[in-house]
Amino acid sequence: MSDTLDLLADPIDLTTALVDVRSVSGEEAEIADLVERSLLAHAPHLEITRSGNAVLARTSLGRDRRVVLAGHLDTVPINQNFPSRREGDVLHGCGTVDMKGGDAVMLALAALSADASYDLTFVFYDCEEIEAERNGLTRIQRDLPEWLLGDLAIVCEPSNGVVEAGCQGTMRIEISTSGKRAHTARAWMGSNAIHGLGEALRRLESYVPRQPLIDGCQYHEGLQAVKIVGGVAGNVVPDSAVLTVNHRFAPDRSVADAEAHLREVFEGFDVVVTDFAGGALPGLESPAAAELVAAAGGDPVAKLGWTDVARFAALGMPAVNFGPGDPTLAHTQEEHVPVQQITGCFDVLKRFLLS
């Protein structure tokens, strides 16, 4: 591998080079070093700093507005899909979708940003694919918060080359029931805690999720049982059981609203919130976001999953997802990206940011 990447090369070739650097979460030092060296060598107009295995770079052109582009350098564990391979117009390999194609687009833009229409900040960060407290953006927000601020954030996660606006929030709860142990030969002498979850499951089965339209984007909420724990032995009536439920809620609900809704749905049950993350409103009415949508063409769509756009939205910034690759292929062994999507995303962002 070369000491630096040629940032003026075709973004498809940059993607291939990045995919061929192993960077499973927690092991990003090599790729972070490569990104830093490449920016120092080929984008000398940028101010560059390092935060752990995150690399940050920005222009200081005196523009009225600043756009922040963010992409994580880590991948999920390799699954017999490393290194990359090219089959016609499709690039296969771990990270081709999530999200080294987006990183390559960012690097190519960084090399051309000396005379950009906006001031630009590029954030290449670590540990996105694991627990939130290790996410590089958490550390950057704590230690270098000014590097995350701007008038628009573009998280270059895979979006099939379409602007995905905002994101939904997520909340997990546990519903606990209690009973009384007994021998199953004399089950009437006990009370079955697993059976006690039946009503909660019936409520889930009949639940009709909202599909609100926000800024022209159709969101689709969800409420699903994801885990049941209970049971003592094959001949014992269980005296405790726990049902875990995941709620995906549209960004017009706050975390408090989502919790109140779940307590209403499961009224009469013991409900404990175990995990949550707020969503992000589309923010498409902001001038910078509207200009991006115009450059991309077509209609923006709602982001149904949770992404780091929510972190930027919490800072008061409109934020969107825009990058190459089908997000349904992320984390799969079959991860692959049509190379024209990489080129297409680069062309859109170049038109938006550099013209």
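**Stop 1: helix α7.** Select residues 287–296, which form helix α7 in this predicted model. Colour A288, A289, L292, V293 and A295, the buried residues of the helix. Now look along the axis: these buried residues lie on the same side of α7, because they cover an arc of only 160° around it. An α-helix has 3.6 residues a turn, so residues three or four places apart point the same way.

Which residues are exposed on the other side of α7? Add P287 and A294 to your selection and you will have them. To see what covers the buried residues, show β7 (152–155), β18 (319–321) and α9 (339–354), which are included in that cover. Before moving on, step to G297, the residue that follows α7; its phi is positive, near 70°.

**Stop 2: the largest nonpolar core.** Next, select L39, L69, I154, L349, F352 and L353. These are the residues with the most contacts inside the largest nonpolar core, which has 64 residues in total. Which helix gives the largest share of this core? Select residues 96–111: this is helix α3, and 10 residues of the core come from it. In soluble globular proteins, nonpolar side chains tend to be buried together.

Zoom in on L69. Setting aside neighbours within four places in sequence, L69 is in contact with M106, L109, L120, T121, F122, V123, I154, C156, L349 and L353. Apart from the largest core lies another one, of 20 residues; to find it, select A54, V68, I140 and F312, which are among them.

**Stop 3: the largest pocket.** Now select E128, R248, G305, W306 and T307. Of the 27 residues that line the largest pocket, these lie nearest its centre. The volume of this pocket is about 700 Å³. Two elements, β9 (169–178) and β16 (270–277), give two or more residues to the lining. Show β16 in its own colour, as this strand gives the most, with three residues. What kinds of residue make up the lining of the largest pocket? Colour by residue type and you will find 10 nonpolar, five polar and 12 charged.

**Stop 4: a loop residue.** Finish at I130, in the loop between β6 (119–125) and α4 (136–143). Is I130 buried or exposed? The answer falls in between: I130 is partly exposed, because its relative accessible area is 28%, and a residue counts as buried under 20% and exposed over 50%. For a last distance, pick the C-alpha atoms of I130 and E30: the two residues are 100 residues apart along the chain, and these atoms are separated by 18 Å.

Note on methods
Residues numbered from 1 in each chain as written. Predicted model: local features only at pLDDT ≥ 70, side-chain atom pairs only at ≥ 80, totals over all residues. Heavy atoms only, no water. Buried < 20%, exposed > 50% of the residue type's maximum accessible area, 1.4 Å probe, protein only. Helix = DSSP H or I, 4+ residues; strand = E, 2+ residues; numbered from the N terminus. Arc of directions from axis to C-beta. Contact = heavy atoms within 4.5 Å. Core = buried A, V, L, I, M, F, W, Y, C linked by side-chain atoms within 4.5 Å. 1 Å grid on protein atoms, 1.4 Å probe; cavity = no way out; pocket = protein on both sides within 12 Å on 5 of 7 lines; lining within 4 Å. Points joined across faces, edges and corners; volume = space filled by probe spheres on them. Nonpolar A, V, L, I, M, F, W, Y, C, P; charged D, E, K, R; others polar.
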